[in-house]
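Student: Hi! I've got a model open and would like to talk it through with you. Can we start with a single residue and work outwards?

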Amino acid sequence: MAPAVEVQDVYKSFKNVRAVRGVDLEIENGRFAALLGPNGAGKTTLVEMIEGIQKPDQGEIRIHGMPWKGNEQRLRHIIGLSLQETRFIDKLSVWEILRLFASFFSLGKNRVNEILELVGLEDKRQAWVVNLSGGQRQRLALGIALLNHPRVLLLDEPTTGLDPNARREIWSILLDLKKGAETSMVLTTHYMEEAEELCDHILIIDQGRVLREGSLDQLLADETREKIIEFTLDAAGLSKETVSAGAPFSIEWDSFNARGTVILDHIESQLPQFFEFLHQKNLHMKNMECRKKTLDDLFTELTGRRLHE
Amino acid sequence: MSNPICHHQFFHLVAAHGKEIIREPAVIFWGIIFPMLISLGLGLSFTQTRDVVHHVGVISDSADAGQNDSKIHAFLREHGQKVSEPTDHAPKYRLTVENPQLGDTTFVFTQTDWKTATVLLKRDRLHLIVEPAGGDIAYHFDPRNPDAELAYLKLTKAISGKPVASPEIAGNIKPLTVTGTRYIDFLVPGLITMGAMMSCMWGISYGMIDKRSKKLLRRMVATPMRKSHFLMALMVVRISMNIIEAVLLFIFAYLVFDIAVQGSIAALAVIFLAGNIAFCGIAIFVSSRTATTEVGNGLVNAVVLPMTVMSGIFFSYHNFPDWSIPFIQKLPLTLFTDGIRSIFNEGAGFAETTIPAAILLAVGGIFFSVGLRVFRWH
């Protein structure tokens, strides 16, 4: 059986920007995959090429074994998508918008009722789009994407700009969908929690390239023993050289906030060494937090920047 | 809703476009009430018997006492009515020549000096300057100004004691007030065609550009929606709205001004449809690539403004230079307006309007096809 999505050596440029530079990826059937990267990483361009909205300059894209060329109508019937920002017609009701989009798939009222229930908008069925909150609009967009029981769901930043509650509501709908195991999904996001919570395959993307991919465990496997120590010192204005000179391991130091980070792979032996080092340098710790390594840390390691920069 | 048509995308696209329009209250005002107000305002202004006022400057040099015995001053003292407290404190006389057929003419004479009279003439607050010249009167006016020339002709008649039209001649004057010959008969067909053009151009072009900028077009074509259904639905809704607007304007003009269609109703329907199709096609072409409403504004204005001015909506395009008339007559709005106007006022039918209707259909078809070919959905 062909994979849900195959992308082979795809390139795409706009004027002076090389948005996607040689991406390969494969999403198996029933898998949920995240394209995780900061703004401008090339996620939207990549997902829009998978959606058939943009054509790659080079490379091949197949969905369930079918390239876009010659299969557009068939593929439009089996994919569901939500763009990064779509403003539906302001003065149509939720019901009318769903009915309109349902008609494109020759679907009737029953499916619209199911979708209203699925995305929790039954009580808003008569409300005009213009009167919906941001979260409700995103749920409507998701509902439209799910109308045709898509075999492949492509969502571009479905929760960007939403508050934590609205974000959780979208996640809950997608997690229910995941249980059905009939739909494969590609989601772009710059929230690592979203990728961790929803997806079993994560691709870290920056500057048009896939930097690393795998399950969350695989991505963090090499570093599972590593722990991050974040600390602040009771001494403002210290330079990096002052803090890290003679340290037994590398210290990242933010002199403006008097905040430092060290990565320890043997915490039991190294933590006492770290305290001893601070004591010798007569540096006094104000706060300290010990945590596991995250995707954000991995991204920082790979690119030197944080996901939200 | 078991009828399969109710599940059909074309039905839902028409319903969606239609609701989008009628749920905008301003549409009712700008599409229906505003054209009625224009026809009412212009219709009343140009169909009532007009009372005309001509402003005349009379040169009076107080240093020359002899002037006050001149012919013009004697005439004013004898026939004019002195204005007791003029607003600008200049001595004034008023003289009204009554004419029940053509409307009354009132002359307002302002006694002033040359310098002031020249300034007032430049400001168009005087049509004519008169001054004593020996035992007679000298008239100063711009011969290229029809108002000034008319004031001169009427004033010389009044001063010579002749009526504006002698009883024999007056008997021959038959003011044209029958349907089809009045200004309102000229105006209403033009308002109907201009309304259709504006509605198509702004409604379709602006709506499309707005949907493109909101990425709604991009979202819709990412479904199995047929692009032709989307555009056809847009045209069907817009033309239906234009029919309603035109019929309401016609009923209003019929009730208020007794306007009538003297030619073939079927030919009227055909050319109206052809004109609408022409402008729908042009609108789709104009909006085929633009994604910003600012650029869209400019493009739509570039199409509608020249035609509104040149195509003889409010006044005959024969006032333009002769060399430009053949060009003006080929503009879609001119073809549309001339066709509709000939059916309204000249009793024309298919014989006279088939060719313009066919040209309008061809214009619509060509612009639609080219527009669709270069259309940017994303």
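Student: Is Leu238(A) buried or exposed?

Tutor: Somewhere in between: Leu238(A) is partly exposed, because 16 other C-beta atoms lie within 10 Å, and a residue needs 20 or more to count as buried. Do keep in mind that this is a predicted model.

Student: Where does Leu238(A) sit in the chain?

Tutor: Leu238(A) is in the loop that joins strand E11 (227-233) to helix H9 (240-244) of chain A.

Student: And which residues does Leu238(A) touch?

Tutor: Leaving out residues up to four places away in sequence, Leu238(A) touches Leu233(A), Val243(A), Ser255(A) and Ala258(A).

Student: What about Ile228(A), how far is that from Leu238(A)?

Tutor: Those two are 10 residues apart along the chain, and 21 Å separates their C-alpha atoms.

Student: Let me compare that with chain B. What's the spacing between Thr118(B) and Leu128(B)?

Tutor: Thr118(B) and Leu128(B) are also a pair 10 residues apart in sequence, and their C-alpha atoms are 10.0 Å apart in space.

Student: Which element holds Thr118(B), and how is the residue classed for burial?

Tutor: Thr118(B) belongs to helix H4 (residues 114-122) of chain B. Thr118(B) is partly exposed, since 15 other C-beta atoms lie within 10 Å.

Student: Back to chain A for a moment. How many residues of helix H1 there are buried?

Tutor: In helix H1 (residues 43-50) of chain A, 8 of the 8 residues are buried, so the helix is largely enclosed by the rest of the structure. The buried residues of H1(A) include Lys43(A) and Glu48(A), along with Leu46(A), Val47(A), Met49(A) and Ile50(A).

Student: What follows that helix?

Tutor: Gly52(A) comes after H1(A), and its phi is positive, near 80 degrees.

Student: How are the domains laid out?

Tutor: Chain A has domain 1 (5-221) and domain 2 (227-292), with 42 Å between their centres, taken over C-alpha atoms. In chain B, the assignment gives domain 1 (4-45 + 179-374) and domain 2 (52-172), and the centres there are separated by 48 Å, again over C-alpha atoms.

Student: What does chain B have in the way of secondary structure?

Tutor: Chain B has 14 helices and 6 strands. Of its 378 residues, 38% are buried. Among contacts in chain B with a separation of 6 or more, 74% are between residues 24 or more positions apart.

Student: I'm looking at H10 and H14 in chain B. How do they pack?

Tutor: Helix H10 (residues 265-286) and helix H14 (residues 350-374) of chain B meet at an angle of about 20 degrees, and their axes are 7 Å apart. H10(B) and H14(B) are therefore roughly parallel to each other. The crossing of H10(B) past H14(B) is left-handed.

Student: What kinds of residues make up that contact?

Tutor: The contact of H10(B) with H14(B) has 19 nonpolar and 6 polar residues, and no charged ones.

Student: Last topic: how many residues does each chain give to the contact between them?

Tutor: Chain B gives 20 residues and chain A gives 24. On the side of chain B, the elements that supply two or more residues are helix H1 (9-22) and helix H8 (216-220). H1(B) makes the largest share of that side, with 5 residues.

Student: And the residue classes on that side?

Tutor: The side of chain B that touches chain A has 6 nonpolar, 6 polar and 8 charged residues.

Notes. Residues are numbered from 1 along each chain as its sequence is written. Chains are lettered from A and ligands numbered from 1 in the order in which they are written. This is a predicted model: local features need pLDDT of at least 70, side-chain atom pairs count only at pLDDT 80 or more; totals for chains, interfaces and linings use all residues. Axes are lines fitted to C-alpha atoms, for helices over the stretch in contact, and angles run from 0 to 180 degrees between N-to-C directions. Helices (H or I, at least four residues) and strands (E, at least two) are DSSP runs, numbered from the N terminus. Angles under 35 degrees count as roughly parallel, over 145 as roughly antiparallel, 65 to 115 as roughly perpendicular and the rest as oblique. A crossing is left-handed if the near helix is turned anticlockwise from the far one by less than a right angle, and right-handed if clockwise. Ala, Val, Leu, Ile, Met, Phe, Trp, Tyr, Cys and Pro count as nonpolar, Asp, Glu, Lys and Arg as charged, and the others, Gly among them, as polar. A residue is buried if 20 or more other C-beta atoms lie within 10 Å of its own, exposed if 12 or fewer, and partly exposed in between; C-beta atoms are placed from the backbone. Two residues are in contact if their C-beta atoms, placed from the backbone, lie within 7 Å. Domain bounds come from an automatic or database domain assignment.
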